[in-house]
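Q: I would like to take a close look at a single part of this structure. Could you walk me through it, explaining the terms as you go?

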Amino acid sequence: MDGAPKTLDDVQKGGHELIALCRDARCRFRKTIDLRRLIMNVGGWHQLLPTRGEPHFSDRMRCPSCKRMGMSLWLEPHIPPPRASSEPNFRVLDWGREYPYSTFTMIATADNLMVAGGAYVAAVLFYPDKWITLQQGAFVVEDSKRDGIPKHLTADDYKIMRDGEMSLSGVPPAP
Ligand SMILES: [Zn+2]
């Protein structure tokens with residue numbers, strides 16, 4: 001749903017909350033409205049905001065505290081949580097032993113290429129008879145059938161790669 005909710009149905013569909021606030025300044029009682037019940041009573045097509053000069057259902061709502069008629073409505077918007085980036089950057093895939101290699105098993109995922117590369121090397125060494133790929137989406141970064149058994153990476157290799165990455169981003173390498 002886009003835009004501000006206009007009707008009670010919109011409020012419910014959007015998962016928002018509606019608060020009733022007593023119009024009497026001395027009372028100011030507030031309560032979360034049971035939307036389902038309100039919609040059952042007055043109808044979901046009702047506009048949330050009163051139109052000037054026209055009767056509105058909120059005029060007929062009675063304050064549970066001071067018993068006066070008339071409540072103001074207050075929208076408590078429901079803001080959906082940001083979608084987590086569920087897709088990892090890199091995937092290490094196991095395509096099995098035999099032609100046509102049409103299905104794969106995901107062995108490892110990582111957001112960092114170096115970490116993914118380490119997992120790829122481990123996978124190729126651990127399953128030398130299988131076809132293993134390291135992919136960024138559909139793009140194949142490493143391919144055990146194409147590239148053969150990779151060189152096992154040492155701590156020094158990682159340091160060199162890390163320094164390389166740092167110098168690319170303008171950070172001077174550690175001494
Ligand atoms: Zn009141």
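What covers the buried residues of helix 3?

A: Happy to help! A few words on the source come before the helix itself. This is a predicted model, in which local features need pLDDT of at least 70 and side-chain atom pairs count only at pLDDT 80 or more, while totals for chains, interfaces and linings use all residues. Residues are numbered from 1 along each chain as its sequence is written.

Now to your question. The cover over the buried residues of helix 3 includes strand 4 (90-94), strand 5 (105-110), strand 6 (132-136), strand 7 (139-143) and helix 4 (144-147). Helices (H or I, at least four residues) and strands (E, at least two) are DSSP runs, numbered from the N terminus. Two residues are in contact if their C-beta atoms, placed from the backbone, lie within 7 Å.

Which residues are being covered? In helix 3, A116, G117, Y120, V121, A123 and V124 are buried. A residue is buried if 20 or more other C-beta atoms lie within 10 Å of its own, exposed if 12 or fewer, and partly exposed in between, with the C-beta atoms placed from the backbone. Looking down the axis of helix 3, you would find its buried residues within an arc of 165°, so they line one face of the helix. That arc is taken from the directions from the helix axis to the C-beta atoms.

The length of helix 3 can be checked too. Helix 3 (residues 113-126) has 14 residues and, at 1.5 Å a residue, should span 20 Å; its end C-alpha atoms are 19 Å apart, which agrees. The expected span is 1.5 Å times one less than the number of residues.

Let's step back to the whole chain. The protein chain has 5 helices and 7 strands, and along the sequence they follow the pattern α-β-β-α-β-β-β-α-β-β-α-α. The chain is divided into domain 1 (8-76) and domain 2 (90-168), with bounds that come from an automatic or database domain assignment. The C-alpha centres of domain 1 and domain 2 are 59 Å apart.

What about the overall dimensions? Along the principal axes, the C-alpha atoms of the chain fill a box of roughly 80 × 50 × 25 Å. The chain has a radius of gyration of 30 Å, whereas a compact globule of 175 residues would have one near 16 Å. This radius is taken over C-alpha atoms, and the globule rule is 2.2 Å times the number of residues to the power 0.38. Finally, 15% of the 175 residues of the chain count as buried.
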